[in-house]
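Me: I am new to reading protein structures, and I would like a close look at a single part of this one. Please take one helix as the starting point and then work outwards to what lies around the rest of the chain.

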Amino acid sequence: MARISPLMLAPPAIFAAFALLAGIGMFREDPDALPSAREGQPAPAVVLTELPGKTLFSDADLRDGEVKLVNYWASWCAPCRVEHPHLETLADEGIPIYGVNYKDEPAKAIGFLEELGDPYRGIGADANGRMALDWGLYGVPETYVIAGDGTIILRFAGPVTERVLQDRLRPAIERARGAGG
């Protein structure tokens, strides 16, 4: 009887492993969602610099008992313009939104807010991206729903659209309210 070389088994084994991983990925709840190790954990430290004429926010603001959003954005980010009206809608409804201006020039950031409006209760600049790394940011825009105790309930990567607002953010805000925040 002829012996089968172990090297001959490697290609089918690699293919089977790939097919298994692809199958798991295709049948996830939301195959387009980026995973977040931060959901269910306390929000990382807030380390920001002030934007001229704007109110800076701190760690205490994220743990004040109120459900809120933290939104990473930049003036050079085209999708940030798309989501801006939806953030203003949420702010008009009384949902506190804290903005993190990511790797941007302060004058351009202020110009963006003067042009489109300022939905942020507090805002700061993350000029070198250090805070963004701690939060696990993939890129701007990203929005986090934070419970009143500072726990991250949801991280959404991408622009907030009407569909995202209805299907992802509003349900997460309700979950955050149910979590005691």
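Reply: In this predicted model, among the contacts between residues at least 6 apart in sequence, 74% join residues that are at least 24 apart. The chain has 181 residues, of which 40% are buried, and its 6 helices and 5 strands follow one another in the pattern α-α-β-α-β-α-β-α-β-β-α along the sequence.

The part to look at closely is helix α4, which covers residues 106-116 and has A109, I110, F112 and L113 as its buried residues. If you look down the axis of α4, these buried residues fall within an arc of 155 degrees, so they line one face of the helix. On the other side of α4 you will find A107, E114 and E115, and these are exposed. It is then natural to ask what covers the buried residues, and the answer includes strand β1 (68-73), helix α3 (78-92), strand β2 (97-102) and strand β3 (122-126). Just after α4 comes G117, whose phi is positive, at about 105 degrees.

Two of the elements that help to cover α4, namely β1 and α3, can be followed further, and β1 leads to the aromatic rings. The chain has 6 aromatic pairs by the rule used here, which asks for ring centres within 6.5 Å. In the pair of Y72 and W135, the ring centres are 6.0 Å apart and the planes stand at 65 degrees; planes over 60 degrees apart count as edge-to-face, so this pair is edge-to-face. Because Y72 lies in strand β1 while W135 lies in helix α5 (residues 130-135), the pair ties together parts that are 63 residues apart in sequence. Y72 is buried, with a relative accessible area of 0%, and for W135 the relative accessible area is 0%, so that W135 is buried too. W135 also pairs with Y144, again edge-to-face, with 4.9 Å from centre to centre and 80 degrees between the planes. Y144 is buried, as is W135, and the ring pairs link Y72, W135 and Y144 into a cluster.

From α3 the path leads to another helix. Two packed helices are described by the angle between their axes and the distance between the axes. For α3 and helix α6 (residues 162-178), the axes come within 11 Å and cross at roughly 35 degrees, and the crossing is right-handed. On the side of α3 the contact is made by H86, T89 and L90, and on the side of α6 by E162, L165, L169, R170 and I173. Sorted by class, this contact of α3 with α6 has 4 nonpolar, 2 polar and 2 charged residues.

For contrast with the buried residues, a last stop is A60, which has its place in helix α2 (residues 59-62). A60 has a relative accessible area of 52%, and since exposed means over 50%, this residue is exposed. Between A60 and D149 there are 9.6 Å in space, C-alpha to C-alpha, although the two are 89 residues apart in sequence.

Definitions and conventions:
Residues are numbered from 1 along each chain as its sequence is written. This is a predicted model: local features need pLDDT of at least 70, side-chain atom pairs count only at pLDDT 80 or more; totals for chains, interfaces and linings use all residues. Side-chain values use heavy atoms; hydrogens and water are left out. Buried means under 20% relative accessible area, exposed over 50%, partly exposed in between (1.4 Å probe, protein chains only). Helices (H or I, at least four residues) and strands (E, at least two) are DSSP runs, numbered from the N terminus. The arc is that of the directions from the helix axis to the C-beta atoms. Contact means heavy atoms within 4.5 Å. Rings of Phe, Tyr and Trp (its six-membered ring) pair if their centres lie within 6.5 Å; planes under 30 degrees apart count as stacked, over 60 as edge-to-face and the rest as tilted. Axes are lines fitted to C-alpha atoms, for helices over the stretch in contact, and angles run from 0 to 180 degrees between N-to-C directions. A crossing is left-handed if the near helix is turned anticlockwise from the far one by less than a right angle, and right-handed if clockwise. Ala, Val, Leu, Ile, Met, Phe, Trp, Tyr, Cys and Pro count as nonpolar, Asp, Glu, Lys and Arg as charged, and the others, Gly among them, as polar.
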